[in-house]
Amino acid sequence: MKIKLTTVYVDDQEKALRFYTEVLGFAKKADFSQGPFRWLTVASSEEPDGTQLQLALNNNPATKTWQQAMFQQNHPAANFFTDDVQGEYERIKERGAETVMPPTGVTGSTIARVNDTCGNLLQITQLARW
């Protein structure tokens, strides 16, 4: 069994596409519409055939309430991994990301957080190497 897709709910798909591609550096993978529904995914530029992240519109009231509650509780909607959290943090900060928490050492890793400006906090993690 493999994980091929996971979802982040966003309040604006076009704005999210710009953030996830231009700021984070992901690549657009799929983008098509059927009526009012838009299927939009991105993938890591480092693993273009790897797991896709769906940028799904939060037009369901339950989803919107959940997303807002998670944001208010400072809980990240997604966690991305890197071998250089400080470098990634500086790179995306220079590209205009709204930083929420600078790289901070925690048990077993260093983490940083950014606001995707589409309703979510994102965590960037560098695992400690023992």
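How many nonpolar, polar and charged residues are in the lining of the largest cavity? The answer is five nonpolar, four polar and no charged residues. Before going further, please keep in mind that this is a predicted model.

## The enclosed space

Let us stay with that cavity for a moment. The count comes to one cavity of 30 Å³ or more, and the space in the largest cavity is about 30 Å³. Rolling a probe the size of a water molecule over the atoms shows where empty space is left.

You can find the lining of the largest cavity in the structure by looking for Trp66, Gln67, Met70, Phe71, His75, Ala77, Gly119, Asn120 and Leu121. Which helix gives the most to this lining? That is α2, which spans residues 61-72 and contributes four residues.

## The open space

Now turn to the largest pocket, which holds about 750 Å³ of space. Its lining is made up of 27 residues. If you would like to find its centre, look for Phe26, Ser44, Asn79, Phe80 and Phe81, the lining residues that lie nearest to that point.

Several elements take part in the lining of the largest pocket. The strands β1 (5-10), β3 (37-43), β4 (52-57) and β5 (78-81), along with helix α3 (85-94), each supply at least two residues. Strand β5 has the largest share, with four residues. By class, the lining of the largest pocket has twelve nonpolar, ten polar and five charged residues. Charged residues are thus part of this pocket's lining, whereas the lining of the largest cavity has none.

## Aromatic neighbours

The rings are worth a visit too. How many aromatic pairs does the count give? It comes to three. One of them joins Phe19 and Tyr20 in an edge-to-face arrangement, with 5.4 Å from centre to centre and 80 degrees between the planes. Phe19 and Tyr20 are both buried.

Phe26 and Phe80 form another edge-to-face pair, at 5.1 Å centre to centre and with 70 degrees between the planes. Why does this pair tie together parts that are apart in sequence? Phe26 sits in the loop between α1 (13-23) and β2 (27-34), while Phe80 belongs to strand β5, so the pair links parts 54 residues apart in sequence. Are Phe26 and Phe80 buried or exposed? Both are buried. You have met these two residues already: Phe26 and Phe80 are among the lining residues nearest the centre of the largest pocket.

Notes: Residues numbered from 1 in each chain as written. Predicted model: local features only at pLDDT ≥ 70, side-chain atom pairs only at ≥ 80, totals over all residues. Heavy atoms only, no water. 1 Å grid on protein atoms, 1.4 Å probe; cavity = no way out; pocket = protein on both sides within 12 Å on 5 of 7 lines; lining within 4 Å. Points joined across faces, edges and corners; volume = space filled by probe spheres on them. Nonpolar A, V, L, I, M, F, W, Y, C, P; charged D, E, K, R; others polar. Phe/Tyr/Trp six-rings, centres within 6.5 Å; stacked < 30°, edge-to-face > 60°. Buried < 20%, exposed > 50% of the residue type's maximum accessible area, 1.4 Å probe, protein only.
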